[in-house]
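Thank you all for coming. I would like to take a few minutes to walk through one model, moving from strand pairing to a pocket and then to a few individual residues.

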Amino acid sequence: MRMKPLALAAVLLCLAADTAKDAAKKDQEKLQGNWVLVSGERDGEQFPEDVVKSLKRTMKDNAFTVFRDDQTLAEGAFTLDPSKKPKTIDLQLKGGDKPVHGIYELDGDTFRICYSAPGEQRPTELATKADSGRTLAVWKRAKK
């Protein structure tokens, strides 16, 4: 049986979409659990050490919560697209009307994320500079 070019293209597109979904699911699974901040910067300025030591993040399914000590700072949902270069993450903050666009990198127990202010353009590199409106955070998996 010979497949027509259009039918073959449709099958290949479906397979590619399934592969992208599988990759996103795998990265989402790797993010599950508790994380502690090890470094961060906004607009090229390092976070103060007391802030770094007090921030934690929990990821469950596609939901996240960021805490400072025991106080919730932010919560919402995230979607990943690891097929992009660099990998992309979109955050929808609870009560927010505009998404937060970011990029991320997962390396073992290290999760790096760089994101812009809500509604702003996605960063293209894991870095910030003065007046960029970007935040870079490096998280490590919390020890059990």
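**Strands, a pocket and three residues**

Let me begin with β1 and β9, which pair in the antiparallel sense over seven bridges. Within that pairing, W35 has R141 of β9 as its bridge partner. I should say at once that what you are looking at is a predicted model, so please take each value that follows as computed from it.

Staying with β1, this strand is also joined to β3, by four bridges and again in an antiparallel arrangement, and here G33 finds its bridge partner in M59 of β3. There is a further neighbour in β2, residues 45-46, which runs antiparallel to β1 and is joined to it by two bridges, with R42 standing opposite E45. The two strands, β1 and β2, form a hairpin that has two residues between them, and D43 in that turn has a positive phi of about 50 degrees.

If we now move to the other partner of β9, we find that β8 and β9 run antiparallel and are joined by six bridges, I113 having A137 of β9 as its bridge partner. On the other side of the pairing list, β8 also pairs with strand β7, residues 100-107, in the antiparallel sense and over six bridges, and in that case I113 is the residue that stands opposite Y104. As with β1 and β2, β7 and β8 form a hairpin with two residues between them, where G108 in the turn has a positive phi of about 60 degrees.

To put those strands in context, the secondary structure of the protein comes to two helices and nine strands, and from the N terminus on the order of elements is α-β-β-α-β-β-β-β-β-β-β. Of the 144 residues in the protein, 28% are buried, and, among contacts with a separation of 6 or more, residues 24 or more positions apart account for 39%.

Let me turn to the largest pocket, which holds about 460 Å³ of space. Its lining consists of 22 residues, and those that lie nearest its centre are R42, R57, A74, Y115 and T135. The elements that contribute two or more residues to this lining are β1, β3, β4, β5, β6, β8 and β9, and the largest share, three residues, comes from β9. Sorted by class, the lining has 17 nonpolar, three polar and two charged residues.

Next, a residue in the loop between β8 and β9, namely T128. Is T128 buried or exposed? T128 counts as buried, because its relative accessible area is 13% and the cut-off for that label is under 20%. Its side chain makes a polar contact of 2.5 Å with the side chain of E41, and a polar atom of the T128 side chain also lies 2.8 Å from the backbone nitrogen of G44. Beyond its neighbours up to four places away in sequence, T128 touches E41, R42, D43, G44, C114, R134, T135 and L136. That list brings back R42 and T135, which were among the residues nearest the centre of the pocket, and D43, from the turn of the hairpin between β1 and β2.

A second residue that I would like to point out is Q32, in the loop between α1 and β1, which is partly exposed at a relative accessible area of 24%. A polar atom of the Q32 side chain lies 2.9 Å from the backbone oxygen of Q28, while the backbone nitrogen of D61 lies 2.5 Å from a polar atom of that side chain. Leaving out residues up to four places away in sequence, Q32 touches M59, K60, D61 and R141, so to speak of two residues we have already met, M59 is the bridge partner of G33 and R141 that of W35. The C-alpha atoms of Q32 and A63, which are 31 residues apart along the chain, are separated by 9.4 Å.

Finally, consider D27, whose place is in helix α1. How accessible is D27, then, and what does it touch? With a relative accessibility of 4%, D27 counts as buried, and, leaving aside neighbours within four places in sequence, D27 is in contact with L80, P82, K87, Y104 and L106. Y104 is the residue of β7 that we met opposite I113 in β8, and with that link I will stop and take your comments.

Technical notes: Residues are numbered from 1 along each chain as its sequence is written. This is a predicted model: local features need pLDDT of at least 70, side-chain atom pairs count only at pLDDT 80 or more; totals for chains, interfaces and linings use all residues. Side-chain values use heavy atoms; hydrogens and water are left out. On a 1 Å grid over the protein atoms alone, a cavity is a set of points where a 1.4 Å probe fits but cannot get out, and a pocket is an open set with protein on both sides within 12 Å along at least five of seven lines; lining residues have an atom within 4 Å of a point. Grid points are joined across faces, edges and corners, and a volume is the space filled by probe spheres set on the points. Ala, Val, Leu, Ile, Met, Phe, Trp, Tyr, Cys and Pro count as nonpolar, Asp, Glu, Lys and Arg as charged, and the others, Gly among them, as polar. Two strands pair if DSSP finds at least two bridges between them. Buried means under 20% relative accessible area, exposed over 50%, partly exposed in between (1.4 Å probe, protein chains only). A polar contact is a pair of N or O atoms within 3.5 Å; within protein, one must be able to donate a hydrogen and the other to accept it, and residues adjacent in sequence count only if both atoms are side-chain atoms. Contact means heavy atoms within 4.5 Å.
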